[in-house]
Amino acid sequence: HVTDATDWRVEYPFVVLTPDTEVEMAGLVGACFELGLTVIPRGGGTGYTGGAIPLVWNTAVINTEKLEALRGVEMLRLPGLDREVPTIFSEAGVVTQRVADLAEQHGFVFAVDPTSAEASCVGGNVAMNAGGKKAVLWGTALDNLASWRMVTPEAKWLEVTRLNHNLGKIHDVEMASFELRYFDATGKVLEKTERLDIPGRVFRKEGLGKDVTDKFLAGLPGIQKEGCDGLITSARWIVHKMPAHVRTVCLEFFGNPKDCVPSIVDIKDYMFGIAHTGVLLAGLEHLDDRYLKAVGYATKSKRGGLPKMVLVGDIVGDDADAVAHATSEVVRLANGRSGEGFIAVSADARKKFWLDRKRTAAISKHTNAFKVNEDVVIPLPRMGEYTLGIERINIELSLRNKLALVTALQALFTTGKLPLGKSDDAGEIPSAELLEDRVQQALTLLREVGSQWQEWLNGLDTRFFEGLQTHELRASWKTQILKPLQAIFSGASFEPLLAEVRRIHKEVLRGRVWVALHMHAGDGNVHTNIPVNSDNYEMLQTAHEAVARIMKLARSLDGVISGEHGIGITKLEFLTDDEMVNFTAYKRKVDPEGRFNKGKLLKGADLHADLRNAYTPSFGLMGHESLIMQQSDIGAISDSIKDCLRCGKCKPVCATHVPRANLLYSPRNKILATSLLVEAFLYEEQTRRGVSIKHWQEFEDVADHCTVCHKCLTPCPVNIDFGDVTMNMRNLLRKMGQKTWRPGNAAAMFMLNATNPETIKLARTAMVGIGFKAQRFAVDLFKPAGRKQTAAPRATVGSAPIKEQVIHFINKKLPGGLPKKTARALLDIEDKDYVPIIRPPATPSETEAVFYFPGCGSERLFSQVGLATQAMLWHAGVQTVLPPGYLCCGYPQRGSGQFDKAEKMITDNRVLFHRVANTLNYLDIKTVVVSCGTCYDQLQGYKFEDIFPGCRIIDIHEYLLEKGITLGSKTSYLYHDPCHSPMKLQEPMKTVKALVGDNVVKNERCCGESGTLGVTRPDISTQVRFRKEEELRKTETQLRESGKVAPTENLKILTSCPSCLQGLSRYGDDLQNGLLEADYIVVEMANQILGPNWMPEYVAKANNGGIERVLV
């Protein structure tokens, strides 16, 4: 909470508060004021101007993420309207994308669509007046608000309601009216009512689609105020009917940008010209070539190479033919300006076209994720001039960087101490005379090249800009400096010198500043980004100078300096006194003491509200000073997270980000926490104090709060997998002797690491026969305490007290009714010296054979899963080869940080499998079957294609589907897709429906078991299960209301992961009616296809001549 997406910091907040409900907000804010604290409202922390960054130490940050109430589309007659309109109510902490998804489910569109939609919250959308790509059609947050509620600087309530809403853009109305109703601190007693009538033209500069520079906004509270006049707690939004047909067009332009950019105006003019036909432009986004490179854009054209710019747009309407015609016309317009067009019609294809737009934050990956991100708004007819202006700045910055390179190389050659090696023939260093001559040649070359580049720079505005822009003139270090230097200094003795030249070039190039553009092209909102290395002060200064020029350029073209990012601390200096005077007077009137966001958006105060006191951490500066970074795993961990953009796109998929359960450990938050801890480690190492125990405990706390599901990798623009980071953190803790010993984890790992049949039997008896039974008994005994805990889980920053931990362990039942023995014990195949081959008697040796790796969960604990897999393979008529003895794939060991044990296990397994393959080469095994997702993921690294040549790994369920063995059931099931899904051939639900039947409903969210997490940190599991329990009840309600499941009938939930089976078993009595029965798909298939007595029957058949034992 010290920073937002900018990574600027000024002061640490004194306290961070996370209230549970909207109703308590006024009282909480009032208490902060009594303590002399200034309050900063905060949602997703995705701001790009530092609006939520504390400027003073006595700051209380109020995080609204737990205010997640969201009500489906409600048809309401708004004040002054004669018909009902569709609306959605949301509290301030609701993530923007959730509102959009809810609207889409009901056939509507939520217009507020910032790039940060997956992480930003609607409270911030109101406070910043957020926009996005859909603003071209429906406007920004202000245009789509029906009403909002907020806490005032008096710690009282204010409700603002729009009157006579025009259901369109607010600047189109002659007069916009609002009713302001002021309530006391309880929110029940109405104290006064006011009405604001504001001319529509006030809200934006004429001719612009967006403008958030006017912070006064005629005194309209809350909106666009950046949290400086109150705290938004909830809002009601108008949503729009989405036309029936959508086509997405992707236009790639390969010509000169100055010729391509006018196509934006062409397209908008054409689309607005045909709007009366019902065909509309619902979004138009632009990416320049620098952005295309950053996001890894795959060119669709056959020309090859990256385009100079790309436009992606949605064209919508109710007439399919009219939409198709308009889309074709847009492509034709692009063709006329060196463009090629590609059209997507299906939902999946359209989603792929838009993916690159969601990854734009990757522009700053090469600068450790730090960038100056400014947005301006330019009138569309003048967009070409703006693009040329940015090109002019970029060319100048490039030439200045190259001239800095010339200066650095001249310094190298004039020092007299050149790095030289030995020559090829004489073994001697070149003579002084020979060396001096070459040095003079190099200096002459540098003078000539430097003079030419300086001439280009000096004449940029008079003679050389066009030539440099079209690359007719090219300042090239490779051809103009490096290649001639290689000719001058040829020979092995000069290699060290040339290596030093390259090093200097790399160092100087690292400080090069350049500007990249992407824009909401439909309304001229341009995001102007400058990636900067924050440990390079000169680079920061150059970037800041470039920003000032960009702001001046925007104003000169009749634009404004912000369209949706706001002002914050990064843009305050670019607002004129005239632009600030009205807001300053407003702030002095409503909040003279600075109770909200003290100092922000004010000039001339004692407090500097711009970047003067801001700083950003720099690992680069400290890295070379500290041995701990170079010689320990901390350096590698720091490197693995340094590219984090703080965009928060990982939040929606993270199992440990459940605000309602007081769980706020999203990967973004964990990375920020880890970065702070690395800073602390560095400080303590450099001051020779040694790393404190407390910091190791906090480091472990971050590492504990991860289910290692790896789901954060997919939405991450820079491909950070915090699951991998977590495993590395746990491994470091183990190596440093700082990993806490926990009995649940120790018992689980003992069971998984054991290979001796007697040890496994003993451990299983202790765990399943005694432990599980005792735990289930304790759950019944302490049910009230357990229910209380699961209904409102507490925060888990650090381990809970022992008493609470015990309750956490017994608040939900572990599974019961498990088989008495392991699968191997039942079949008498525990001897590690023999490979079992299971097949019906008299099966010919040429019959297809598969290698089945059951894994520890399907074999040692839930042995019915391993047996059902074998029984279904028997039913399929194939020979099943099992590994000799009890084996584990090694994933649980890696997940808990035991890397050394995991690597030894993997190596031993691979050697053993090669021996098995050599022994059974007559079987020609081409398929490795698994029944566990983590086993699948781990075995992919075993290189089975080298063990059984030409083989593949496949999940048992996909294998059975291939064989045509399906259930075809009419029963309604739930399906829980594991975080580590073993079904890889297609989307898992397609496989499940084809295998089980069409009446399978997917149930979202993590079960909370996560391997050994449920027994290692049951307190964290309780929080994760909170959301799963909500999802189960929601799905149950849908099924019962639809009539697919009777009101009191039990529900069955299927899965394909042993750990998830254990986790799901814990929800047995958590439904509103009936019980939840958890089972494996393959076990359910065995029950239905082979009969209820399949297990004893299969064991009897296998033991009666169905097992061949081959000595390895």
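## Worked exercises on a predicted model

At a relative accessibility of 42%, Asn335 counts as partly exposed. This residue opens a set of exercises on a structure that is a predicted model. Have the coordinates open and work along.

### Exercise 1: Placing Asn335

Find the element that holds Asn335, and work out which residues Asn335 contacts beyond its neighbours within four places in sequence.

Solution.
- Step 1. Locate the element: Asn335 lies in helix 9, which covers residues 320-335.
- Step 2. Settle the exposure class. Partly exposed lies between the 20% and 50% cut-offs, and Asn335 has 42% relative accessibility, so partly exposed is the right label.
- Step 3. List the contacts. With neighbours up to four places away set aside, Asn335 touches Glu340 and Gly341.
- Step 4. Add a distance across the sequence. Phe253 is 82 residues from Asn335 along the chain, and their C-alpha atoms are 8.6 Å apart.

### Exercise 2: A long separation, for practice

Determine how far apart the C-alpha atoms of Lys773 and Leu35 are, and decide whether Lys773 is buried or exposed.

Solution.
- Step 1. Place the residue: Lys773 belongs to helix 25, residues 757-781.
- Step 2. Take the C-alpha distance to Leu35. The two residues are 738 apart along the chain, and the separation is 52 Å.
- Step 3. Check the accessibility. The value for Lys773 is 55%, so this lysine counts as exposed.

### Exercise 3: Strand 15 and its partners

Work out which strands pair with strand 15, and in what sense; then describe how its two faces are covered.

Solution.
- Step 1. Start with strand 13 (residues 245-253). Strand 13 runs antiparallel to strand 15, and nine bridges join them. One bridge pair to look up is Leu251 with Leu311 of strand 15.
- Step 2. Go on to strand 14 (residues 280-288). This strand also pairs with strand 15 in the antiparallel sense, over eight bridges. Here Asp288 stands opposite Met309.
- Step 3. Count the buried residues in strand 15, residues 309-317: nine of nine are buried.
- Step 4. Split them by face. One side carries Met309, Leu311, Gly313, Ile315 and Gly317, while the other carries Val310, Val312, Asp314 and Val316; all are buried.

### Exercise 4: Into the cores

Which residues touch the most other members of the largest nonpolar core?

Solution.
- Step 1. Recall the background: nonpolar side chains tend to be buried together in soluble globular proteins.
- Step 2. Rank the members. The core has 70 residues, and those touching the most other members are Leu251, Met271, Leu311, Ile315, Tyr386 and Ile530.
- Step 3. Ask which element gives the largest share: helix 16 (residues 537-556) does, with nine residues.
- Step 4. Look around Ile315. Beyond four places in sequence, its contacts include Val249, Met271, Leu281, Val323 and Val330.
- Step 5. Find the second core. This separate set of 50 residues includes Ala823, Ile829, Tyr975 and Trp1094.

### Exercise 5: Counting disulfides

How many disulfides does the structure hold? Inspect Cys121 and Cys951 along the way.

Solution.
- Step 1. Set the criterion: a disulfide needs two cysteine sulfur atoms within 2.5 Å.
- Step 2. Test Cys121. Its closest cysteine sulfur belongs to Cys650 and is 13 Å away, too far for a bond.
- Step 3. Test Cys951. The nearest cysteine sulfur is that of Cys935, 15 Å away, and Cys951 is in no disulfide.
- Step 4. Conclude: the count is zero.
- Step 5. As an extra, note the accessibilities. Cys121 is buried at 2%, and Cys951 is buried at 13%.

### Exercise 6: Positive phi

Give the phi values of Ala842 and Lys943, and say where each residue sits.

Solution.
- Step 1. Recall that most residues other than glycine have a negative phi.
- Step 2. Take Ala842: its phi is positive, near 65 degrees. Ala842 sits in the loop between strand 22 (834-838) and strand 23 (849-853), and is exposed at 78% relative accessibility.
- Step 3. Take Lys943: its phi is positive too, about 60 degrees. Lys943 sits in the loop between helix 33 (933-939) and helix 34 (944-947), and is partly exposed at 44%.

### Exercise 7: The whole chain

Is the protein as compact as a globular protein of its length, or less so?

Solution.
- Step 1. Note the elements: 41 helices and 31 strands.
- Step 2. Compare radii. The radius of gyration is 33 Å, close to the 32 Å that the globule rule gives for 1112 residues, so the protein is as compact as a globular protein of that length.
- Step 3. Add the burial: 60% of the 1112 residues are buried.

Notes: Residues numbered from 1 in each chain as written. Predicted model: local features only at pLDDT ≥ 70, side-chain atom pairs only at ≥ 80, totals over all residues. Heavy atoms only, no water. Buried < 20%, exposed > 50% of the residue type's maximum accessible area, 1.4 Å probe, protein only. Helix = DSSP H or I, 4+ residues; strand = E, 2+ residues; numbered from the N terminus. Pairing = 2+ DSSP bridges. Rg over C-alpha atoms; globule rule 2.2 N^0.38 Å. Core = buried A, V, L, I, M, F, W, Y, C linked by side-chain atoms within 4.5 Å. Contact = heavy atoms within 4.5 Å.
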